Amino acid sequence: VQLQASGGGLVQAGRSLRLSCAASRRLFDLYYMGWYRQTPGKQRELVATITNGGLTNYQDSVKGRFTISRDSTQTTVYLQMNSLKPEDTAVYYCSVNAARGQYWGQGTLVTVSS
């Protein structure tokens with residue numbers, strides 16, 4: 001399966017962005033979909049996940065600001081990012097985790113200026 005992420009860009013602190021990630025097909029053995037981010041010299045870190053049952057999980061630093069959601073077909077996952085901070089600047093990757101394996105999108109750059 002291929003994942004196509006979009007929605008990144010340059011935004012001022014305090015503003016919002018919405019990331020989208022579309023899968024090329026539905027995975028019926030899906031466990032969860034998620035967003036991760038990575039900055040130069042650091043490991044990729046989990047931002048948020050949503051299970052096939054709709055349960056969500058967030059990194060502490062984004063709780064209350066970011067919201068993960070998905071469409072009813074579970075082929076598209078979104079990340080609504082509000083009240084963005086400069087420390088949110090990173091390349092954001094979407095991921096799908098299924099019984100057959102984990103898949104990654106190509107990454108989309110989010111830059112938050114102060």
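User: How many salt bridges does the count come to in this model?

Analyst: In this structure, which is a predicted model, the count comes to 5 salt bridges.

User: What makes the contact between arginine 100 and aspartate 29 a salt bridge?

Analyst: The rule asks for a side-chain nitrogen of Lys or Arg within 4 Å of a carboxyl oxygen of Asp or Glu. For arginine 100 and aspartate 29 the N to O distance is 3.1 Å, and therefore the pair satisfies the cut-off of 4 Å. This pair links distant parts of the chain, with arginine 100 in the loop between β9 and β10 (101-104) and aspartate 29 in the loop between β3 (17-23) and β4 (30-38), 71 residues apart.

User: Why is arginine 100 called partly exposed?

Analyst: Buried residues lie under 20% relative accessible area and exposed ones over 50%, with partly exposed in between; arginine 100, at 42% relative accessibility, therefore counts as partly exposed.

User: How do you know that glutamate 45 forms a salt bridge with arginine 37, and are these residues buried or partly exposed?

Analyst: The closest N and O atoms of glutamate 45 and arginine 37 are 2.7 Å apart, which is within 4 Å, so the pair qualifies as a salt bridge. Glutamate 45 has a relative accessible area of 33% and is therefore partly exposed, whereas arginine 37, at 6%, is under the 20% cut-off and so counts as buried.

User: What makes aspartate 88 and arginine 65 a salt bridge, and which parts of the chain does the pair tie together?

Analyst: Their closest N and O atoms are 2.7 Å apart, so this pair also meets the 4 Å criterion. Because aspartate 88 lies in the loop between β8 and β9 and arginine 65 in the loop between β6 (56-58) and β7, the salt bridge ties together parts that are 23 residues apart in sequence. Both aspartate 88 and arginine 65 are buried, and salt bridges that share partners join Arg37, Glu45, Arg65 and Asp88 into one network.

User: Why is glutamine 74 called buried, and where is this residue found?

Analyst: Glutamine 74 has 15% relative accessibility, which is under 20%, and so counts as buried. This residue is found in the loop between β7 (66-70) and β8 (76-81), and its phi is near 55°, a positive value in a residue other than glycine.

User: What makes serine 83 partly exposed?

Analyst: At 39% relative accessibility, serine 83 falls between the cut-offs of 20% and 50%, and therefore counts as partly exposed. Serine 83 is found in the loop between β8 and β9 (90-98), and its phi, near 50°, is a positive value in a residue other than glycine.

Key: Residues numbered from 1 in each chain as written. Predicted model: local features only at pLDDT ≥ 70, side-chain atom pairs only at ≥ 80, totals over all residues. Heavy atoms only, no water. Helix = DSSP H or I, 4+ residues; strand = E, 2+ residues; numbered from the N terminus. Buried < 20%, exposed > 50% of the residue type's maximum accessible area, 1.4 Å probe, protein only.
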